[in-house]
Amino acid sequence: MITESVVDELRAIFMKFDGGKGCLSREDLKCAIIAFFGFSPSKKELDSNWLGGKDTIDMSEYLNKMLAKWDETTQSKNTSEVSAFSIFREPRQSEAFPNYEQIKQSVIYQQMRAFDTEGKGFITVHDMRALFEKLRAVV
């Protein structure tokens, strides 16, 4: 099911990778797909299924294609969340997370939340750079 939070996450990912250009190049799009879906599409798949022979993709076309892929993925997996790093988002207490409190208290979960400075549910290069800058100041 497509929710407003899914659309918001896709917009945030687009803006992270577009560099203010208003469009994504092949490499930017590949990074966005990896960040959201957790798989790395081949160059052939990007060119034929995503870019359609063009060099870039704008926000509107990106959203249409990503939402279509999301819908296809969630229907086939019968899940509401398939983002590669969804385990690092706030866990839901359900059958999917039988040990809800254990996950929430786990060291990895806490570290990932600390690294994800903007609460996006994934760690970006910017997050890692900020972490290394903090470490460099301490050392």
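These are my notebook entries on what I looked up in this structure.

**Entry 1: the whole chain**

I began by reminding myself that this is a predicted model. I counted seven helices and two strands in the protein chain. Reading along the sequence, I wrote down the pattern α-β-α-α-β-α-α-α-α. Next I looked up how much is buried, and found that buried residues make up 32% of the 139 residues. The accessible surface comes to about 8,700 Å², and carbon and sulfur atoms hold 54% of that surface. I also checked contacts with a separation of 6 or more, and 49% of them join residues 24 or more positions apart.

**Entry 2: the nonpolar core**

Which residues touch the most other members of the largest nonpolar core? I found L10, L29, F36, Y62 and M66, in a core of 22 residues. Helix 1 (4–17), helix 2, helix 3 (43–51) and helix 4 (59–77) are the elements that give two or more residues to this core. Helix 2 gives the most, with six residues. A general point went in my margin: in soluble globular proteins, nonpolar side chains tend to be buried together.

I then took L29 and listed its contacts, leaving out residues up to four places away in sequence. L29 touches L24, L46, W50, L51, I57 and Y62. Y62 was already in my notes as one of the core members with the most touches.

**Entry 3: D28 in helix 2**

My next stop was D28, which lies in helix 2 (residues 26–37). Is D28 buried or exposed? Its relative accessibility is 15%, and the cut-off for buried is under 20%, so D28 counts as buried. The side chain of D28 makes a polar contact with the side chain of S25, at 3.0 Å. Not counting residues up to four places away in sequence, D28 touches F17, K21 and C23.

**Entry 4: cysteines**

C23 had just come up as a contact of D28, and I looked up how covered it is. C23 has a relative accessibility of 18%, so it counts as buried. C31, at 27%, is partly exposed. How many disulfides does the structure hold? I found zero.

**Entry 5: two loop residues**

F39 sits in the loop between helix 2 and helix 3. At 26% relative accessibility, F39 counts as partly exposed. I noted its contacts with I33, I34, E45 and K69, again not counting residues up to four places away in sequence.

I123 is in the loop between helix 6 (107–115) and helix 7. It is partly exposed, with a relative accessibility of 26%. Leaving out residues up to four places away in sequence, I123 touches M112, F115, D116 and M128. I also looked at I123 and A35, which are 88 residues apart along the chain. Their C-alpha atoms are separated by 8.8 Å.

**Entry 6: helix 7**

I finished with a small check on helix 7 (residues 125–138). What span should its 14 residues have at 1.5 Å a residue? The expected span is 20 Å, and the end C-alpha atoms are 20 Å apart, which agrees. I then asked how many of the 14 residues of helix 7 are buried. The number is one, so helix 7 lies largely in the open.

Note on methods:
Residues are numbered from 1 along each chain as its sequence is written. This is a predicted model: local features need pLDDT of at least 70, side-chain atom pairs count only at pLDDT 80 or more; totals for chains, interfaces and linings use all residues. Side-chain values use heavy atoms; hydrogens and water are left out. Helices (H or I, at least four residues) and strands (E, at least two) are DSSP runs, numbered from the N terminus. The expected span of a helix is 1.5 Å times one less than its number of residues. Buried means under 20% relative accessible area, exposed over 50%, partly exposed in between (1.4 Å probe, protein chains only). A polar contact is a pair of N or O atoms within 3.5 Å; within protein, one must be able to donate a hydrogen and the other to accept it, and residues adjacent in sequence count only if both atoms are side-chain atoms. Contact means heavy atoms within 4.5 Å. A disulfide is a pair of cysteine sulfur atoms within 2.5 Å. Accessible areas come from the Shrake-Rupley method with a 1.4 Å probe; for residues, only the protein chains shown count as cover. A nonpolar core is a set of buried Ala, Val, Leu, Ile, Met, Phe, Trp, Tyr and Cys residues joined through side-chain atoms within 4.5 Å.
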